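Q: I am new to this structure and would like a close look at one part of it, with the surroundings added afterwards. Please take me through it step by step.

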Amino acid sequence: MATFHLKVLTAEKLFYEGEVQRCVVRVASGDIGILPRHTPYVAPLGIGGLTVTDAAGNRRMAAVSGGFVEVGPEATTIIARTCEWADEIDLNRAQAAKERADALLRQQAGKHEMDAAQVKLKKAINRIRVAQK
Amino acid sequence: MASGNMKDIKRRMRSVESTMQITKAMELVASSKMRRAKERVEKARPYFGALAETVGRILSETRVSSVYTTPRAVQHSLFIVIAGDRGLAGGYNANVLKLAAAQMAGKQVKVLTIGKKAQEYYAKRDFEVLADYPGLAETLRISDTHPIVRDILAGYRQAAFDEVFLCYTEFVSPMTQEPRCVRLLPAEPAADGGAKRSMVEYDPSPEAVFDAIIPEYLTGMLYGAVVESYASEQSARRMAMESASDNASEMIEDLNLSYNRARQAAITQEITEIVAGSGAVGG
């Protein structure tokens with residue numbers, strides 16, 4: 001089966017690099033699937049899942065947030081603010097973060113704090129969702 | 001007189017020895033910190049390479065008219081200056097501050113400092129300092145840079161300053177560190193831009209993509225610069241402490257020589273005195 005080269009980078013490390021058959025990632029306007037010979041494409045990432053199907057057909061899922069994806073003629077690069085494999089997510093920590101964000105939202109603080117709490121809540125929910133899949 | 005001289009030399013030797021113990025310890029600490037910092041730099045580099053490349057490519061392929069790319073008449077310039085939190089690192093702090101001063105010449109400058117040494121430097125002089133971030137470098141995570149970048153972008157949009165420079169020290173190798181100053185905003189297209197223009201699809205639009213990427217770009221650049229600077233600081237300190245230890249051991253050697261000489265002179269004198277005394281009694 002045809003494959004293409006995928007590279008997933010975060011500031012801390014080279015998260016993933018290899019030949020893949022397919023990758024599905026959440027961009028700002030929704031989930032997009034990338035197959036080999038995709039047209040050149042750039043979009044900012046949303047908060048959501050990243051599913052990678054490698055050359056052997058194994059599927060792995062990760063939680064991503066922030067950053068962008070660039071599909072080039074030779075390779076696809078995902079530059080993410082945060083990225084972690086489903087099996088590496090600390091579910092307890094995500095739950096705690098969700099509760100903290102919930103509590104913050106209920107306090108009706110300033111607009112800025114509310115926005116930050118919204119984002120935190122989304123991230124926590126996303127982690128929990130990905131981890132439980 | 002001779003024994004007094006010997007005592008003085010002994011005392012100096014002890015003081016140099018204790019200084020050497022300190023410089024030796026600092027050298028070891030700095031070299032272990034440097035190793036960790038170097039790993040961090042190496043892990044971070046591919047990310048910034050890709051980030052800068054992509055932003056440059058987007059800029060050269062499209063004519064995005066964004067507030068972040070359009071140059072405007074410059075009234076105020078923001079300088080982000082990254083220096084260390086501690087001294088005793090050879091020329092590290094002085095070099096980056098000197099470069100910053102050279103770049104600032106003739107501009108209306110506002111300053112944002114990272115590191116205690118930069119904070120102290122600009123606090124003592126007549127500068128408009130927007131914010132200080134001391135004690136950040138060692139434990140910096142990328143999420144720590146988000147609020148800083150948010151403030152910078154807000155200031156830029158509100159025209160509090162019209163260009164943004166970043167002064168940091170690049171970690172070339174454990175032996176060489178080079179102070180650098182780059183302009184972050186307004187962003188310029190890559191130098192070789194426009195050569196080949198591929199049909200890239202931007203979702204939802206080039207402007208939207210660009211405005212989403214710019215904060216990522218700045219956080220990336222800032223994080224990268226801090227990580228590089230920190231590694232440079234540690235290796236500069238390691239080198240300074242190494243040469244201090246070398247100097248100290250050289251001094252101890254010299255002192256040891258003069259001590260032995262003084263001891264010998266004292267013994268000779270004593271013998272001469274005894275011989276002279278016995279000669280006088282027996283004679």
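Is the crossing of α4(B) and α5(B) left-handed or right-handed?

A: Keeping in mind that this is a predicted model, the crossing of α4(B) and α5(B) is right-handed. The two elements involved are helix α4, residues 142-157 of chain B, and helix α5, residues 206-282 of chain B, whose axes come within 9 Å and cross at roughly 120°. An angle from 65 to 115 degrees would count as roughly perpendicular and one over 145 as roughly antiparallel, and α4(B) and α5(B) are therefore oblique to each other. On the side of α4(B), the contact is made by Ile142(B), Thr145(B), His146(B), Ile148(B), Val149(B) and Leu153(B), while α5(B) contributes Ile214(B), Pro215(B), Leu218(B), Thr219(B), Leu222(B) and Tyr223(B). Sorted by character, the residues of this contact comprise nine nonpolar and three polar ones, with no charged residue among them.

Beyond the helices, aromatic rings offer another view of the structure, in which a search over all chains finds eight aromatic pairs. One of them is formed by Tyr16(A) and Trp85(A), which meet edge-to-face, with 5.9 Å from centre to centre and 80° between the planes. Tyr16(A) belongs to strand β2 (residues 14-27) of chain A and Trp85(A) to strand β6 (residues 75-85) of chain A, so this pair ties together parts that are 69 residues apart in sequence. Both Tyr16(A) and Trp85(A) are buried, and together with Phe15(A) they form one aromatic cluster.

In chain B, the ring centres of Phe79(B) and Phe165(B) are 4.9 Å apart and their planes stand at 10°, so this pair is stacked. Here too distant parts of the chain are linked, since Phe79(B) lies in strand β1 (residues 77-82) of chain B and Phe165(B) in strand β4 (residues 163-171) of chain B, 86 residues apart. Phe79(B) and Phe165(B) are both buried.

Returning to chain A, Gly46(A) sits in strand β4 (residues 41-54) of that chain. With a relative accessible area of 14%, Gly46(A) is buried, the cut-off being under 20%. Apart from its neighbours within four places in sequence, Gly46(A) is in contact with Arg26(A), Val27(A) and Ala28(A), as well as with Val64(A), Ser65(A) and Gly66(A). The C-alpha atom of Gly46(A) is separated by 18 Å from that of Ala94(A), which is 48 residues away along the chain.

How values were computed
Residues are numbered from 1 along each chain as its sequence is written. Chains are lettered from A and ligands numbered from 1 in the order in which they are written. This is a predicted model: local features need pLDDT of at least 70, side-chain atom pairs count only at pLDDT 80 or more; totals for chains, interfaces and linings use all residues. Side-chain values use heavy atoms; hydrogens and water are left out. Axes are lines fitted to C-alpha atoms, for helices over the stretch in contact, and angles run from 0 to 180 degrees between N-to-C directions. Helices (H or I, at least four residues) and strands (E, at least two) are DSSP runs, numbered from the N terminus. Angles under 35 degrees count as roughly parallel, over 145 as roughly antiparallel, 65 to 115 as roughly perpendicular and the rest as oblique. A crossing is left-handed if the near helix is turned anticlockwise from the far one by less than a right angle, and right-handed if clockwise. Contact means heavy atoms within 4.5 Å. Ala, Val, Leu, Ile, Met, Phe, Trp, Tyr, Cys and Pro count as nonpolar, Asp, Glu, Lys and Arg as charged, and the others, Gly among them, as polar. Rings of Phe, Tyr and Trp (its six-membered ring) pair if their centres lie within 6.5 Å; planes under 30 degrees apart count as stacked, over 60 as edge-to-face and the rest as tilted. Buried means under 20% relative accessible area, exposed over 50%, partly exposed in between (1.4 Å probe, protein chains only).
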